[in-house]
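Colleague: I have the sequence and the coordinates open side by side. Could you walk me through how to read them?
Modeller: Gladly; let us look at them together.

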Amino acid sequence: MKLKIRVLLLGVLFLAGCGQKEPIFTQYADTAMGTVIQLNLYSTDTESAKNFSKETMELLNTLEHERLSWRLETSEVFRLNASAGAEEGFPLSEDLAHELAACLDVWEQSEGAFDVTLGAVVRLWKIDSLASGETSKEEFVIPSHEEISKALEKCGSEHLQLVAGDMVTGEAAEGGTRIYLPGGMQIDLGAVGKGIALSEIEALLNNQSDISAAVISAGGSILVYGAKADNSTWKVGIVNPLDTSTSIGTLVLDPSNWYITTSGDYERYVEVDGVLYHHILDPATGYPAESEVRGVTILTRDGLLGDALSTACFVLGVEEGLQLVEKYDAEALFVLADGEIVMSEGLAEESADAKFIAE
Ligand code: AMP
Ligand code: MG
């Protein structure tokens, strides 16, 4: 995908009357990790916003090239996948070890609905390369049952082993965490890449003092950070999966850091003979997940967790999805095929720090 957008819009506002300077609002858009990244920054001056935007894009490109991409030979996930079947396993970086452990936790809690070992089946469907235009719709072939069941044999987090280093001193012992993938297994972090990216951006924001508030979006995932000068609530519109040009309502969030992550069958899909083949797969069948859910939005304080839960909840459906988010103290909002909205209890409470207001 050769998208290149570079927009820099500057707006300068001053607090009338008292002479005190309000933060400057800057918008910046670019692409990274195969998706559009938008930065909305409230900063002390335009130069620091510009520098921060540049630093963020560098961080995302490094993240993709050095850690997360399954396509690029330079990345850790690529090398990890190449190690599948190796007796000595693969020594993980501290970051990837931490991220994979978090993914395995959601795999366990979701009873396998979320599984980062689905790489072989994801590759078979080619839905990502279709959505990005790399493969044309005419080239799309529905995989046979036989191909799917063969690919599924290479999947399943229960078949991998993650062996943590000795943490006695507080630091991983020599060799750190090692992972052992059985032959043919392929890790795919497509479900959590944007969440990981947003968490890294939050860390970058925490390490500087020029930007007091920000709204950062990466595809369907959003980070709202800090507080605006007037300490007003954050308002985030939720796309209507049944008509993506409209919204179903707004999340109203107390000023602080939140992650809003959405998974839906309308994001990446191919339609053949009236049947929609989307990109979220049911690990139990190897086919696009089928439930009454068209879209699910998760509200958390952690990027990876929100991203993992949105994918898991899409697969699980409403009832089991609500049980899953409760385990993580997260909130969820489901939009069903008939337009009904179902949300976790926390979002409906009047006194809650995060509320949903329907359109
Ligand atoms: P998302 O849009 O965040 O829900 O992530 C979807 C992406 O995650 C897909 O494009 C696949 O790369 C991968 N994926 C699909 N199904 C699953 C699943 N059940 N568990 C984990 N990853 C998945
Ligand atoms: Mg996700």
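Modeller: Let us start with a loop: Met-33 sits between strand 2 (24-32) and strand 3 (35-43). Keep in mind that this is a predicted model.

Colleague: What is the phi of Met-33?

Modeller: The thing to check is the sign of phi and the residue type. Met-33 is not a glycine, yet its phi is positive, about 50 degrees. Asp-329 is another residue other than glycine with a positive phi, near 60 degrees. Asp-329 is in the loop that links helix 9 (318-327) to strand 15 (331-336).

Colleague: Which strands form a hairpin with two residues between them?

Modeller: For a hairpin, look at the pairing and then at the turn. Strand 12 (residues 269-272) is paired antiparallel with strand 13 (residues 275-278) through four bridges. Within this pair, Val-270 is opposite Tyr-277 of strand 13. Two residues separate the strands of the hairpin, and Asp-273 in the turn has a positive phi of about 45 degrees.

Colleague: Now the sheets. In what order do strands 9, 10 and 17 lie?

Modeller: Read the order across the sheet, then ask what lies at each edge. Here the order is 9-10-17, in an open sheet of three strands with antiparallel pairing. Strand 9 (234-239) and strand 17 (354-358) are the edges; each has a single partner strand, so one side of each has no neighbour in the sheet. On average, neighbouring strands of this sheet are turned by 25 degrees against each other, direction ignored.

Colleague: How many bridges join strand 9 to strand 10?

Modeller: Six bridges connect strand 9 with strand 10 (residues 247-253), and the two run antiparallel. To find your place in the register, use Val-236, which faces Leu-251 in strand 10.

Colleague: And which strands stand at the edges of the 4-6-5 sheet?

Modeller: The reading goes as before. Three strands make an open, antiparallel sheet in the order 4-6-5. Its edges are strand 4 (90-91) and strand 5 (161-163), each with a single partner strand, so each has one side without a neighbour in the sheet. Strand 5 is joined to strand 6 (residues 178-180) by three bridges, running antiparallel, and Val-163 is opposite Arg-178 in strand 6.

Colleague: Let us turn to the ligands. Which residues are closest to ligand 1?

Modeller: Begin with the shell, then pick out the polar contacts. Ligand 1 is surrounded by 18 residues, the closest being Asp-115, Asp-188, Ser-263, Leu-281 and Thr-311. By type, the shell has nine nonpolar, four polar and five charged residues. Helix 8 (residues 303-316) gives the largest share, three residues.

Colleague: What lies 2.7 Å from an oxygen atom of ligand 1?

Modeller: That is an N or O atom in the side chain of Thr-311. Backbone atoms take part too: a nitrogen atom of ligand 1 is 2.8 Å from a backbone N or O atom of Leu-281, and a nitrogen atom of the ligand is 3.0 Å from a polar backbone atom of Ala-113. Of the 500 Å² of accessible area that ligand 1 has on its own, the protein covers 97%.

Colleague: Last, which atoms coordinate the magnesium ion?

Modeller: List the donors, then see how they are spaced in sequence. The magnesium ion (ligand 2) is coordinated by Ala-191 (O), Asp-307 (O), Asp-307 (OD) and Thr-311 (OG1), at 2.2 to 2.5 Å. Along the chain these donors follow A-x115-D-x3-T.

Colleague: Why are Asp-307 and Thr-311 separated by about one helical turn?

Modeller: Because they are four residues apart in helix 8.

Notes:
Residues numbered from 1 in each chain as written. Chains lettered and ligands numbered in written order. Predicted model: local features only at pLDDT ≥ 70, side-chain atom pairs only at ≥ 80, totals over all residues. Heavy atoms only, no water. Near = heavy atom within 4 Å. Polar contact = N/O pair within 3.5 Å; in protein donor to acceptor, adjacent residues only side chain to side chain. Areas by Shrake-Rupley, 256 points an atom, 1.4 Å probe, with all protein chains shown as cover. Nonpolar A, V, L, I, M, F, W, Y, C, P; charged D, E, K, R; others polar. Pairing = 2+ DSSP bridges. Axes fitted to C-alpha atoms, helices over the stretch in contact; angles between N-to-C directions. Donors = N, O, S within 2.8 Å, 3.2 Å for Na, K, Ca; no water.
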